[in-house]
Every structure is written in C-alpha cells, then in structure tokens.
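User: I would like a close look at a single part of this model, with its surroundings described in detail. Please keep the account formal and connected.

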Amino acid sequence: MASELPSFTPSAFELSQSPNPSFKFGQKVEATAEGRKWLEGEKEGWKVIEAGAEDPRKLYALMISGVTPRPVAFVSSISADGIENLGLFSWFNMVSAYPPVVSISVTAIPRVKDTALNIRATKEFTVNVISTPWIDNANACSIDAPNEVTEWPLSGLTKAPSLHVKPPRVKESAFSMECELFQDIDIKHPDTGASTQVLILGLVKTIHVRNDMLTERGTLDPDKFQPVGRLGDILYSTLGKGYRIARPAWSDEKETVIELNKL
Ligand SMILES: Cc1cc2nc3c(=O)[nH]c(=O)nc-3n(C[C@H](O)[C@H](O)[C@H](O)COP(=O)(O)O)c2cc1C
C-alpha cells in the first residue's frame, strides 16, 4: 500500500566521481568491489526468452522494466473536432538534432489512442517534459477517458499558447517543444500484418525553456530541472546521483588500443 511508504522527500542531484574513476582500457569488471558484487549474480545464470513465443503481456512487463530509465513525453494535441488532449508517453526519445526530431510511440490496439489520431489528423503537437514536483498532475492524464473528454481540467495544469502550432504547451513544463508531424509509421506485427503501434516522428519547430533552468553553457541544470524517469510497472524515479565520464580520444589512447587488439 502506498500509504505505508514514507512520504516523498525531494533530494538534491549530487555530482560525484564515476563508479570507477581509475578505469584503464581492458580492465575487468572484477577489478572493483562493486564490480565483483555485480558479477556475483551471474551464479544464478540467465533466463532466455524467445520474444516471438512469449505472452505479449509478459513481454510488455519485462521490456518496460528492462529498457529503463525512460524519459516521459507529455503530449498536447487537438483532434480534428477541436478536442484538446494530454497524454503521457515513455516510448519517447530524441532521434536527431539536425534536423531536430523526436519520436513517440503510441499503442494502436485495441484502438489507436487519441494522441496518434489527433497528430495524424492535424499534424501538430507539443511535447512537454515532466518534472518531479508536478508528476502526480501529469499522471492523472493517463486515464483511459473516452475521446470526447479533455484531460486538461483534471490535471490542474495550465495551458500556455504555442507560437507556431495550435496545441497549447504545458506552462508548468520547464522544457517544451512545438512539433510538426515529420513522419508516421505503422508498426505491423510480422506474423499477422496487423498494425499494433504508431511511431510518430515530430519535427521540433520551437523550444520553450525556462530561464531559471539554463546554465551558462545553454544546457538545463539537472538539479533544477528534476526530470522524471519511468521504470517498469507503474514506477517512476528521480535522478539521484550524476557523474561525468570523459569520452576516450583515439589520439591519446591509440597505442594502448592497438596493444589490446593484439591479445
Ligand atoms: C508514465 C506513462 C507512460 C506511458 N507511455 C506510453 C507510451 O509510450 N505509449 C502509449 O501508447 N501509452 C503510454 N502510456 C499510456 C497513455 O498515457 C494512456 O493510454 C493515455 O490515456 C493515452 O492518451 P490518449 O488516448 O488521450 O492519447 C503511458 C502512461 C504512463 C502513465
């Protein structure tokens, strides 16, 4: 029961060193205590699941807990009849920065969800990234309401006008993108040919980012932004700790890599 859990306490996003700051190319995971602890679990072996033969509900539960953490898109769209819609989508990501393109994947069984119907009909939507202080407001919009119902009033969130598209953005979001439909792709099941999912690619036309989140480098400060992560089941997560790990450069590491390739 949720009421038996401790109440939510906001925690700062803290920077630390990476888990193994003295890592050298070729070093084994067992070189650190944490790595050895991790490898202990291998004693239990692996369960192998043939995805095509698995019960789709089990596959869904397994995959959404394995492909984690996911960002969550809060999508505002408008139907051809003018009904405003808000929906959450964690099958969401950035696809490209040049041109700026994002993806959301909308389930089409037993029926195509309103968000995909609306985007196909009107070609426009906004994607609003959700922050922890108002996740409960956003989550309310995952209600399976009939398509004549708008989720805005139950969310308690505020409509802010978009500049170039008709669907409003969510004022409480610190990072919103106005999008035009770039491409929509029916995901068809290879066995049945039935369309089960709609992959929407959105071309980002305008970005609204809250000034108080912005760093001098033109990026969002994760401690202030508090973006929500989606795990499996109905689990959400906060950010916790962060660390930087430099990208290795071929020019610095060439000799070591060539040596390791000889082994
Ligand atoms: C955190 C979260 C993430 C979700 N992600 C997706 C998703 O990626 N794709 C999807 O089809 N439904 C997803 N859902 C379910 C939709 O939000 C839900 O079906 C919603 O009612 C869809 O709205 P619509 O029918 O108005 O488009 C998610 C729900 C939650 C709470």
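Against which elements do the buried residues of H3 pack?

Analyst: This is a predicted model, and the values below are computed from it. The buried residues of H3 pack against S2, strand S3 (84–89), S5, S6, S9 and S10. Within H3, the buried positions are Asp-114, Thr-115, Ala-116, Asn-118 and Ile-119. In general terms, an α-helix has 3.6 residues a turn, so residues three or four places apart point the same way.

The surroundings of the helix lead to the nonpolar interior. The largest nonpolar core has 23 residues, and those with the most contacts inside it are Val-75, Ile-104, Val-127, Met-177 and Ile-200. Two or more residues of this core come from each of strand S2 (73–78), strand S5 (100–107), helix H3 (114–122), strand S6 (124–129), strand S9 (175–188) and strand S10 (195–209). The greatest contribution is that of S9, with four residues. As a general tendency, nonpolar side chains in soluble globular proteins are buried together.

Ile-200 ties the helix to this interior. Not counting neighbours within four places in sequence, the contacts of Ile-200 are Val-102, Ser-103, Ile-104, Val-106, Ile-119, Phe-125, Leu-181, Gln-183 and Asp-184. Ile-119 is one of the buried residues of H3. Another core lies apart from the largest one; this other core has 13 residues, including Leu-86, Leu-88, Leu-157 and Val-170.

The end of the helix has a backbone feature of its own. Lys-123, just after H3, takes a positive phi of about 70°, and this residue is not a glycine. Most residues other than glycine have a negative phi. Lys-123 belongs to the loop between H3 and S6. Because its relative accessible area is 45%, Lys-123 is classed as partly exposed.

The ligand is the next part of the setting. There are 18 residues around the ligand, of which Asn-85, Leu-88, Thr-107, Lys-113 and Thr-115 come nearest. Thr-115 is also among the buried residues of H3, and Leu-88 is also in the 13-residue core. A polar side-chain atom of Lys-113 is 2.8 Å from a nitrogen atom of the ligand. Backbone atoms take part as well: a backbone N or O atom of Ser-90 lies 2.9 Å from a ligand nitrogen atom, and a polar backbone atom of Ser-105 is 2.9 Å from a nitrogen atom of the ligand. Taken alone, the ligand exposes 630 Å², of which the protein buries 88%.

Beyond S6, the loop between strand S8 (169–170) and S9 holds Ser-173. Ser-173 counts as buried because its relative accessibility is 4%, where the cut-off is under 20%. A polar atom of the Ser-173 side chain lies 2.8 Å from the backbone oxygen of Val-129. Leaving aside residues up to four places away in sequence, Ser-173 touches Asn-128, Val-129 and Trp-134.

Two of the strands already named are preceded by loops with a cis peptide bond. The bond from Thr-68 to Pro-69 is cis, with omega near -15°, and Pro-69 lies in the loop between helix H2 (56–66) and S2. The bond from Tyr-98 to Pro-99 is likewise cis, with omega near 5°, and Pro-99 lies in the loop between strand S4 (92–97) and S5.

As for the record, an unreviewed UniProt entry places the feature "domain: Flavin reductase like" at residues 65–221. Over residues 65–221 the chain is 13% helix and 41% strand, with the end C-alpha atoms 27 Å apart.

Technical notes:
Residues numbered from 1 in each chain as written. Predicted model: local features only at pLDDT ≥ 70, side-chain atom pairs only at ≥ 80, totals over all residues. Heavy atoms only, no water. UniProt positions renumbered as here; feature names shortened; annotations may be inferred. Core = buried A, V, L, I, M, F, W, Y, C linked by side-chain atoms within 4.5 Å. Buried < 20%, exposed > 50% of the residue type's maximum accessible area, 1.4 Å probe, protein only. Contact = heavy atoms within 4.5 Å. Polar contact = N/O pair within 3.5 Å; in protein donor to acceptor, adjacent residues only side chain to side chain. Near = heavy atom within 4 Å. Areas by Shrake-Rupley, 256 points an atom, 1.4 Å probe, with all protein chains shown as cover.
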